[in-house]
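The following paragraphs lead through a structure, from its nonpolar interior to its sheet and its ligand shell. Please keep the sequence and the coordinates at hand.

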Amino acid sequence: MFDNLSDRLGNVFDRLKGRGALSESDVREAMREIRIALLEADVALPVVRRFIDAVTEKAIGQDVLKSVTPGQQVVKIVDDELVDMLGGTEVEGLNFAAKPPVVIMMVGLQGSGKTTTTAKLGKLIRQKHGKKALMASLDVNRPAAQEQLKVLGEQVEVATLPIIEGQQPVDIARRAMESAKLQAADVLLLDTAGRLHVDEALMAEMKAIAGVSTPTEVLLVVDSLTGQDAVNVAQSFTGEVPLTGVVLTRMDGDARGGAALSMRYVTGKPIKFAGTGEKLDAIEAFDPRRVAGRILGMGDVVSLVEKAAESIKQDEAEALAKKMAQGQFDLDDLRMQLKQMQNMGGLGMLAGMLPGMKKAKAAMAASNMDDRVLLHMDAIIGSMTPKERTKPALLNAKRKKRVAAGSGTDVQTVNKVLKMHQEMGRAMKQIKKMGGMKGLGALFG
Ligand code: GDP
């Protein structure tokens with residue numbers, strides 16, 4: 001996500017932070033570079049201007065340049081302004097404050113990811129909010145669109161309105177309202193038809209549907225990869241239907257970030273969600289602070305911790321915590337940790353999320369350290385006897401050779417694993433001294 005922009009800004013910041021003192025012209029030079037980086041990221045010109053003006057004024061106007069760490073302060077100002085540009089410090093969730101069924105109307109162009117997003121939200125509403133949802137496709141233009149939602153509905157275990165061939169969108173919307181009431185559904189998701197371009201017929205249809213369903217949310221789904229076009233589409237919709245928010249899809253492949261960075265300022269509408277993949281749970285509440293953190297390469301520790309919480313089994317984590325508290329941490333535990341790292345998406349995924357890890361990631365790629373390393377380590381530990389795993393000191397030279405042969409590696413790699421285990425054991429004792437898991441929390445700030 002935002003890799004190009006992130007790299008460009010990272011270079012500018014490295015230069016800023018590398019200096020003890022900053023002059024006004026250093027700042028102006030950095031701002032020129034940031035301006036070009038933003039324009040190349042396809043951020044709308046007025047947004048870029050406003051951003052650069054705001055940062056320059058703050059960086060030069062206050063006592064930033066005279067401070068001990070001027071570079072850091074400038075980065076902080078850029079971070080604050082980015083958060084502002086992305087929508088502020090609030091995370092805008094779904095609004096359920098209406099008499100049920102709360103209607104969420106999904107609008108957007110064809111291929112933007114509307115139907116997929118409808119199903120993703122259906123799942124989120126059922127799982128995270130514990131609400132009963134009904135989904136209905138009003139797309140009578142695209143063949144099999146209604147069928148597509150039905151199939152997705154089965155996958156996410158959310159009911160869909162039975163299809164009646166030949167029924168028109170407004171009538172389907174009415175039937176969906178009645179059905180949602182009868183089923184006592186809390187939420188009704190209406191997946192409307194798209195077009196290739198914004199046109200009058202589309203807008204008339206959206207207005208008519210909004211007229212009969214009085215939606216609480218009208219969410220516009222746009223493809224972030226289309227950059228400023230996505231923002232233009234949003235502007236066209238804004239005048240016609242009462243949009244309450246935007247969902248940006250394909251953020252997973254968006255190296256530039258222009259749509260995300262321009263949307264709020266140009267349209268005045270909050271980005272509520274980001275689609276981050278084709279899978280039906282690949283959706284995130286859009287959190288400007290986290291997104292800014294990612295762009296600035298400050299890592300996304302919050303996402304990392306959330307991901308860890310999702311993929312680490314509670315009982316395993318508790319057992320491990322107990323062992324740690326007792327100062328025991330054997331190779332079986334190390335193996336479990338390696339598995340968890342793999343479950344969390346491997347080294348690359350972790351590296352992208354940890355603060356300052358962008359460079360480590362590059363170094364890792366350069367030294368051929370990749371996820372195969374995790375598999376090797378797993379094979380090595382697997383080739384030891386259970387006794388050896390709890391007491392690695394038992395491994396003499398002969399046994400190490402056998403383990404290397406058994407795991408298809410060499411003695412050197414076996415030694416590396418043993419060393420890593422020792423170091424981790426030491427680190428854990430350290431954490432214990434700092435106050436156990438609370439100490440670990442302190443590490444995360
Ligand atoms: P619609 O015509 O707007 O309803 O678009 P669809 O929901 O059918 O989506 C079109 C394609 O985009 C499908 O192949 C989806 O899997 C894919 N897609 C949707 N959202 C995302 C996303 O956030 N990331 C990625 N990588 N693909 C997505």
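A nonpolar core is understood here as a set of buried Ala, Val, Leu, Ile, Met, Phe, Trp, Tyr and Cys residues joined through C-beta atoms within 7 Å. In this predicted model, the largest such core comprises 91 residues, and I104, L188 and L190 have the most contacts inside it. At least three of its residues come from domain 1 (3-86), and at least three from domain 2 (102-298). L190 illustrates the packing: leaving aside residues up to four places away in sequence, L190 touches V103, M105, M106, A136, L138, A173, A176, I209 and S213. Another core, of 10 residues, lies apart from the largest one and includes I380, V403, V414 and L418.

The sheet may be considered next. Strands of a sheet pair through backbone hydrogen bonds, in either parallel or antiparallel fashion. Here eight strands form an open sheet with mixed pairing, in the order β3-β2-β4-β1-β5-β6-β7-β8. The edges are occupied by β3 (159-160) and β8 (283-285); each has a single partner strand, so one side of each is left without a neighbour in the sheet. Strand β1 (residues 102-108) and strand β5 (residues 217-223) run parallel and are joined by five bridges. Within this pairing, V107 stands opposite L220 in β5.

The ligand remains to be described. Its surroundings consist of 18 residues, of which G113, K114, T115, T116 and G275 come nearest. Helix α5 (residues 114-127) gives the most to this shell, with three residues. By class, the shell has 13 polar, four charged and one nonpolar residue.

Conventions: Residues numbered from 1 in each chain as written. Predicted model: local features only at pLDDT ≥ 70, side-chain atom pairs only at ≥ 80, totals over all residues. Buried ≥ 20, exposed ≤ 12 C-beta atoms within 10 Å, placed from the backbone. Domains from an automatic or database assignment. Contact = placed C-beta atoms within 7 Å. Near = placed C-beta within 6 Å. Helix = DSSP H or I, 4+ residues; strand = E, 2+ residues; numbered from the N terminus. Nonpolar A, V, L, I, M, F, W, Y, C, P; charged D, E, K, R; others polar. Pairing = 2+ DSSP bridges.
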